[in-house]
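Trainee: Could you walk me through this model, feature by feature? I would like to learn how to read each one.
Mentor: Gladly. Let us bring it up and begin.

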Amino acid sequence: MVREGLFSMLLETRPIFKNREFLRPSYTPEELPHRDSQIHQLARILAAPLRGETPSNILIYGKTGTGKTASVKYVTRELEKVSDRSPLKVKLVYINCEEVNTKYRILATLANTFLEKLRCSRDAVELPESVPMTGWPTDEVYKCFFRAMDGEKQLAVIVLDEIDKLVLKSGDEVLYNLTRMNSDLKNSKVSIIGISNDLNFMNYLDPRVRSSLSEEELVFHPYNALQLKDILEKRAKISFVDGVIEDGVISLCAANAAREHGDARRALDLLRVAGELAERQGDEKVSVDHVRRAYEKIEQDKMVEVIKTLPSQSKLVLYSIVILMERMPRSIVSGEVYSVYRDLCSQAGLDVLTQRRVGDLISELDLLGVISAKIVSKGRQGRTKEIKLNVHPTQVMAAIQGEQLVTIDTLKLSRQLTLV
Ligand code: ADP
Ligand code: MG
């Protein structure tokens, strides 16, 4: 009886989503409102070699969530489609340099892509079947890539997304090779598209690489609230069941993301999480209240990520704050944090930092937004910092525990000792 009732209740609730996948960053939309100008410029630059002109390299930059990756994927996908009818076939290679970030791995990925393509069209007896992902001399990998690519008349469009990550990790050597290839290639041509959120990496480039990489430059400006609203409305239509979104929901998501440098990813995340919260509560509509809670949830999740990457000593300081909060839920002062911290260190057999250094760590936690610390005057006793935690204590614990089980076991013990 109970089970039947349970399920019938769930089945009776009207669904919120038609297809939530359309709200995820992995989905490349069919339409990209407010990016017409960038899309046309990209198409014009990339189509030039199909008419026999020398291809240009392109550098694209703009803050996160301004549609760089989506626009490039959209244009290159269309270009591949039409290239069947052109004398020069287009081969697109997309590499995310956050994942593939060494010279060797970039070249091996390229070599394997073109070797596979060559094998499909004809036998290339003199070339290996594939290149291993480690172990060969880099020169050999490069030669293999060069010959496989030049084995056919084609335009290779190589997209290096998050190119700044590659340069910071491995320097610009591979870019030097890639941007000089056109003068040596006999049959094929290559065009590099570099995408970055941050222009500082340009300072680390050899001047020749810099000028060659940015033969054409495209800037993606942040979206404003009205533009974000358009983007969200189009996406909401295909992702949500008709009529489930209440008035004001989309405007609120758009306004929120516009404040954070016009990030469309952020706007879409807010809308998706708001929908998921409504769904989880069995509500039939998504309201502005769900958006507000989605905002809080996303902020908390971000903080948890920040906490996970903190050095051990900062985690210990934060942990001391949590213990104090649980003991007396009011604002606490830095001196108290230090004495709990000192206890924890000695229980766990860790080095004890000076009070001054712990003060610095508290300031860092404040800067990161994990806590808020306010300097207050205590009359004759001088000044101290009043501390408030901005993340829920259970979330802090979850973030710390996942990382360092051994230490935390000891900590749990010491926590009990401190509380006694
Ligand atoms: P970037 O590469 O600049 O960080 P993305 O291209 O990944 O940003 O865009 C972030 C998210 O926003 C993706 O889900 C993308 O589909 C979406 N998006 C960005 N610009 C638009 C647009 N003009 N129209 C529709 N969706 C967009
Ligand atoms: Mg991107």
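Mentor: One term comes before anything else: the domain bounds used here come from an automatic or database domain assignment. Keep in mind too that this is a predicted model.

Trainee: Which domains does the assignment give for the chain?
Mentor: Domain 1 covers 6–18 + 224–306, domain 2 covers 35–220, and domain 3 covers 310–417. Domain 1 is therefore written as two segments, because that is how the assignment gives its bounds.

Trainee: How far apart do the C-alpha centres of domain 2 and domain 3 lie?
Mentor: Those two centres are separated by 48 Å.

Trainee: What does the chain average in pLDDT?
Mentor: Read pLDDT as the predictor's confidence in each residue, from 0 to 100. Here the chain average is 89, and 91% of the residues reach at least 70.

Trainee: Where does pLDDT stay under 50?
Mentor: Residues 403–410 are one such stretch, and the model has nine contacts for them beyond four places in sequence. Residues 416–420 also stay under 50, with four contacts of that kind.

Trainee: Now the sheets. How do strands of a sheet pair?
Mentor: In general, they do so through backbone hydrogen bonds, in either a parallel or an antiparallel sense. Your model offers a case of each. An open sheet with parallel pairing has five strands in the order β2-β3-β4-β1-β5. Its edges are β2 (89–96) and β5 (216–220), each pairing on one side only. From one strand to the next, the twist averages 15 degrees.

Trainee: How many bridges pair β3 with β4?
Mentor: Six bridges link strand β3 (residues 154–161) to strand β4 (residues 189–196), in the parallel sense. To place yourself on screen, find Val-159, which faces Ile-193 in β4.

Trainee: Which helices pack on that sheet?
Mentor: Helix α6 (residues 163–170) touches β3 and β4, and its direction makes about 90 degrees with that of β4. Helix α2 (residues 36–47) lies across β1 (58–62), β3, β4 and β5, and runs at about 160 degrees to β5.

Trainee: And the antiparallel case: what is the strand order there?
Mentor: That open sheet has three strands, ordered β6-β8-β7. The edge strands are β6 (332–333) and β7 (371–377), each paired on one side only. Helix α13 (residues 312–327) packs on this sheet, touching β6, β7 and β8, at about 80 degrees to the direction of β8.

Trainee: How many bridges join β7 to β8?
Mentor: Seven, with β8 spanning residues 383–389 and the two strands running antiparallel. Follow the register by eye: Val-376 stands opposite Thr-384, and Ser-377 has Arg-383 as its bridge partner. On the β6 side, two bridges make the antiparallel pairing with β8, and one partnership there is Ile-332 with Ile-387.

Trainee: Last, the ligand. How many residues surround ligand 1?
Mentor: There are 21, and the closest are Pro-33, Gly-65, Lys-68, Tyr-223 and Arg-235. For polar contacts, look at pairs of N or O atoms within 3.5 Å. Gly-65 uses a backbone N or O atom, 2.7 Å from an oxygen atom of ligand 1. Lys-68 uses a side-chain N or O atom, 2.7 Å from an oxygen atom of the ligand. Tyr-223 also contributes a side-chain N or O atom, and its partner is a nitrogen atom of ligand 1 at 2.7 Å.

Notes:
Residues are numbered from 1 along each chain as its sequence is written. Chains are lettered from A and ligands numbered from 1 in the order in which they are written. Side-chain values use heavy atoms; hydrogens and water are left out. Contact means heavy atoms within 4.5 Å. Two strands pair if DSSP finds at least two bridges between them. Helices (H or I, at least four residues) and strands (E, at least two) are DSSP runs, numbered from the N terminus. Axes are lines fitted to C-alpha atoms, for helices over the stretch in contact, and angles run from 0 to 180 degrees between N-to-C directions. A residue is near a molecule or strand if one of its heavy atoms lies within 4 Å of it. A polar contact is a pair of N or O atoms within 3.5 Å; within protein, one must be able to donate a hydrogen and the other to accept it, and residues adjacent in sequence count only if both atoms are side-chain atoms.
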